[in-house]
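Visitor: Please take one part of this model and look at it closely, then work outward from there. I would like the numbers along with the reasoning behind each label.

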Amino acid sequence: ADVMPRSQLDSMLASELGQDWQDKLAEFDWEPMAAASIGQVHSAVLHDGRRVAMKIQYPGVARSIESDVDNLLRLINIADVLPRGMYIESAA
């Protein structure tokens with residue numbers, strides 16, 4: 001998977017944790033430990049010394065997943081593949 005550019009990563013963390021997000025950590029590793037299709041994982045150290053993994057989702061991924069689920073629900077309803085008496089709304 002592609003690695004998120006540092007400026008984009010900083011922007012994502014600021015939007016989720018506040019502009020002062022770096023002050024909340026003793027250390028933050030800008031190089032991801034892992035990257036996948038929906039985000040990447042970074043190592044950080046809290047002020048009390050605990051090492052943590054921070055999972056950062058790529059911008060737009062949540063919206064894309066919601067759209068995919070909505071499309072799947074439409075297809076299920078149109079195809080009428082659920083057994084009689086089972087409604088997709090009760091499975092969500």
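Guide: Start with Asp20 and Lys24, which form a salt bridge whose closest N and O atoms are 3.7 Å apart. The model is a predicted one, and every value here is computed from it. The separation of 3.7 Å satisfies the criterion, since a salt bridge needs a side-chain nitrogen of Lys or Arg within 4 Å of a carboxyl oxygen of Asp or Glu. Asp20 has a relative accessible area of 40%, so this residue is partly exposed. Lys24 is also assigned as partly exposed, because its relative accessibility is 41%. The limits behind that label are 20% and 50%.

A search of the whole structure gives 2 salt bridges. Besides Asp20 with Lys24, there is a bridge between Asp48 and Arg50, with 2.8 Å between the closest N and O atoms. Both Asp48 and Arg50 are exposed.

From Asp20, turn to Trp21. Trp21 has a relative accessibility of 1% and therefore counts as buried. Its ring takes part in aromatic pairing, for which the whole structure yields 3 pairs. In one of them, the ring centres of Trp21 and Phe28 are 5.0 Å apart and the planes meet at 80°, so the arrangement is edge-to-face. Both of these residues are buried. Trp21 also pairs with Trp30, again edge-to-face, with 5.6 Å from centre to centre and 75° between the planes. Both angles, 80° and 75°, pass the edge-to-face requirement of over 60 degrees. Ring pairs thus join Trp21, Phe28 and Trp30 in a cluster.

Trp30 has a further partner in Arg6, which lies over the face of the Trp30 ring at 3.9 Å from the ring centre. Pro5 can be placed relative to Trp30 as well: the two are 25 residues apart in sequence, and their C-alpha atoms are 9.6 Å apart in space. Pro5 belongs to the segment before H1. Its relative accessibility is 46%, so Pro5 is partly exposed.

Phe28 leads from the ring cluster to the nonpolar core. The largest such core contains 13 residues, and Leu13, Phe28, Met54 and Ile56 have the most contacts inside it. Helix H1 (6-17) and strand E4 (51-57) each provide at least two of the core residues. With 4 residues, H1 gives the most to this core.

The surface has a nonpolar feature too. Ile38, Ile65 and Val69 make a patch of about 230 Å². Ile38 sits in the loop between strand E2 (34-35) and strand E3 (39-45). Ile38 is classed as partly exposed because its relative accessibility is 43%. Ser37 is likewise in the loop between E2 and E3. Here the relative accessibility is 67%, so Ser37 counts as exposed. As a distance for reference, the C-alpha atoms of Ser37 and Leu75 are 24 Å apart, with their positions 38 residues apart along the chain.

To return to the starting point: the Asp20 and Lys24 bridge joins two side chains, with Asp20 partly exposed at 40% and Lys24 partly exposed at 41%. Trp21, by contrast, is buried at 1% and belongs to the cluster with Phe28 and Trp30.

Note on methods. Residues are numbered from 1 along each chain as its sequence is written. This is a predicted model: local features need pLDDT of at least 70, side-chain atom pairs count only at pLDDT 80 or more; totals for chains, interfaces and linings use all residues. Side-chain values use heavy atoms; hydrogens and water are left out. Rings of Phe, Tyr and Trp (its six-membered ring) pair if their centres lie within 6.5 Å; planes under 30 degrees apart count as stacked, over 60 as edge-to-face and the rest as tilted. Buried means under 20% relative accessible area, exposed over 50%, partly exposed in between (1.4 Å probe, protein chains only). A charge sits over a ring if NZ of Lys or CZ of Arg is within 6 Å of the ring centre and within 35 degrees of the ring normal. Patches are made of residues with over 30% relative accessible area and no salt bridge: like charges are joined within 9 Å, nonpolar side chains (Val, Leu, Ile, Met, Phe, Trp, Tyr) within 5 Å. Accessible areas come from the Shrake-Rupley method with a 1.4 Å probe; for residues, only the protein chains shown count as cover. A nonpolar core is a set of buried Ala, Val, Leu, Ile, Met, Phe, Trp, Tyr and Cys residues joined through side-chain atoms within 4.5 Å.
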